[in-house]
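Hi,

Here is the structure I said I would pass on. Have a look at it first, and my notes come right after.

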Amino acid sequence: MRIVVIGAGGIGGWLGARLAAAGNDVGFLVHGATLEALSSGGLTLLAPDGEAVARIEQPLASDDATALLDTLGGHPDALLVTTKLDAIADLGPALRTLTGPGTAVVSTQNGVDAPRLLADAVGAEHVLPGVARVYAQVVVRGTVALRSGLESLQVGESDGARTPRVERLVATLRAAGLRSSTPDSILAELWRKAAFVVPQGGLGAAVDAPIGELRTTYRDAYRAMIQEIVDVAAAQGRELAAAGEAAYADQVLAFADEQPADATTSMQRDIAAGLPSELDAQVGAVRRAGDAAGVPTPVHDVVAGVLGPREAAARG
């Protein structure tokens with residue numbers, strides 16, 4: 001496939017390296033120091049043990065969307081948007097340049113708002129919501145390290161239809177070594193991921209703790225924050241646990257129990273480093289959805305109350 005990846009951080013570097021190593025035509029839309037790093041040093045993906053599992057010596061990378069299309073030879077089959085959620089608004093011109101008649105624009109962001117924002121930019125008919133599950137972290141620009149063996153990207157049509165473009169993309173992702181599938185409802189899957197990522201990042205940042213401490217010392221608060229997301233999703237008609245399954249909050253905790261004890265989320269790391277974060281896009285989005293549905297979200301409210309002033313102070 002012909003694929004453009006916007007961004008080359010943890011998610012973009014991981015996906016781009018895997019897809020390029022599998023023989024796809026991959027281009028990266030990146031800027032500044034990241035562009036310089038890819039152009040001078042290539043792109044490397046490291047396994048959890050530190051071994052290089054993919055190495056792209058001369059990745060196709062540009063900060064000019066039109067130039068990137070010229071080099072690729074046309075519009076991509078898939079456009080993978082891996083930037084932070086708050087960057088999407090500024091990407092409008094580049095997104096429209098890169099999106100051709102047959103281009104599938106895939107969201108990978110945490111939270112639940114990315115498909116809507118991408119639809120505003122390029123039209124809902126192009127958007128394939130995606131749910132990425134991976135612990136990938138930038139070591140230095142151009143080098144991304146996997147922190148566990150979990151490498152998954154689920155994609156689907158918003159209406160649940162099984163279409164040829166989804167089947168082709170899933171097959172391509174699987175051929176690149178990723179676990180990929182199309183759930184019955186990709187939008188419900190977005191909420192399922194939010195139930196895992198938002199509490200881990202939000203509560204983890206508020207108490208400055210990795211997942212190993214959240215699932216032990218702070219387990220009750222952790223579960224309560226997860227349950228708030230489950231309740232908000234249910235109010236929107238998206239039941240996260242299938243009939244006969246355990247309560248979804250308990251499923252999330254069981255999954256958390258299996259993760260590396262020192263794991264943190266990108267939002268948590270950004271807040272700790274005093275960098276702009278997705279606090280509003282993740283924790284704030286749940287609070288707004290809860291308010292709209294009449295569902296209380298007290299733990300989210302406390303987390304936002306703790307972290308909001310801290311983030312504002314860091315930004316100066």
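Below is what I found, starting with the helix packing and then going through a few single residues.

One thing to keep in mind: this is a predicted model.

**Helix H7 and its partners**

Let's begin with H7, which covers residues 186-207 and packs against H12, residues 279-293. The angle between the two is about 120°, and their axes are 9 Å apart. Oblique is the label for anything that is neither under 35 degrees, nor over 145, nor in the range 65 to 115, so H7 and H12 count as oblique to each other. The crossing of H7 past H12 is left-handed. On the H7 side the contact is made by Trp191, Val197, Val198 and Gly202, and on the H12 side by Gln282, Val283, Val286 and Ala289. Sorted by class, that contact has six nonpolar residues, two polar ones and no charged ones.

H7 also packs against H10 (residues 248-257), here at an angle of about 55° and with the axes 10 Å apart. That pair is therefore oblique too, but the crossing of H7 and H10 is right-handed. Arg192, Ala195 and Phe196 of H7 meet Tyr248, Val252, Phe255 and Ala256 of H10. By class, the H7 contact with H10 holds six nonpolar residues, no polar ones and one charged one.

**Asn110**

Which residues does asparagine 110 touch, beyond those up to four places away in sequence? They are Lys193, Val197, Ser266, Glu278 and Gln282. Two of these names should look familiar: Val197 is in the H7 part of the contact with H12, and Gln282 is in the H12 part. Asparagine 110 itself sits in a loop, between strand S7 (104-107) and helix H5 (114-122). Buried means under 20% relative accessible area, so with 14% relative accessibility asparagine 110 counts as buried. Its side chain makes a polar contact with the side chain of lysine 193, at 2.7 Å.

**Leu128**

Is leucine 128 buried or exposed? Its relative accessibility is 0%, so leucine 128 counts as buried. You will find leucine 128 in strand S8, residues 127-128. Leaving out neighbours within four places in sequence, leucine 128 is in contact with Ala104, Val105, Val106, Ser107, Gly156, Glu157, Arg165, Val166 and Leu169. For a sense of scale, the C-alpha atoms of leucine 128 and valine 283 are 23 Å apart, with their positions 155 residues apart along the chain.

**Asp301**

Aspartate 301 belongs to helix H13 (residues 298-315). With a relative accessible area of 33%, aspartate 301 is partly exposed. The side chain of aspartate 301 makes a polar contact with the side chain of arginine 287, at 2.7 Å. From the C-alpha of aspartate 301 to that of threonine 99 the separation is 38 Å, and these two are 202 residues apart along the chain.

**Asp208**

Last, a backbone detail. Most residues other than glycine have a negative phi. Aspartate 208 is not a glycine, yet its phi is positive, at about 55°. Aspartate 208 lies in the loop between H7 and helix H8 (211-214). At 64% relative accessibility, aspartate 208 counts as exposed.

Cheers

Conventions:
Residues numbered from 1 in each chain as written. Predicted model: local features only at pLDDT ≥ 70, side-chain atom pairs only at ≥ 80, totals over all residues. Heavy atoms only, no water. Helix = DSSP H or I, 4+ residues; strand = E, 2+ residues; numbered from the N terminus. Buried < 20%, exposed > 50% of the residue type's maximum accessible area, 1.4 Å probe, protein only. Polar contact = N/O pair within 3.5 Å; in protein donor to acceptor, adjacent residues only side chain to side chain. Contact = heavy atoms within 4.5 Å. Axes fitted to C-alpha atoms, helices over the stretch in contact; angles between N-to-C directions. Left-handed = near helix turned anticlockwise from the far one by under 90°. Nonpolar A, V, L, I, M, F, W, Y, C, P; charged D, E, K, R; others polar.
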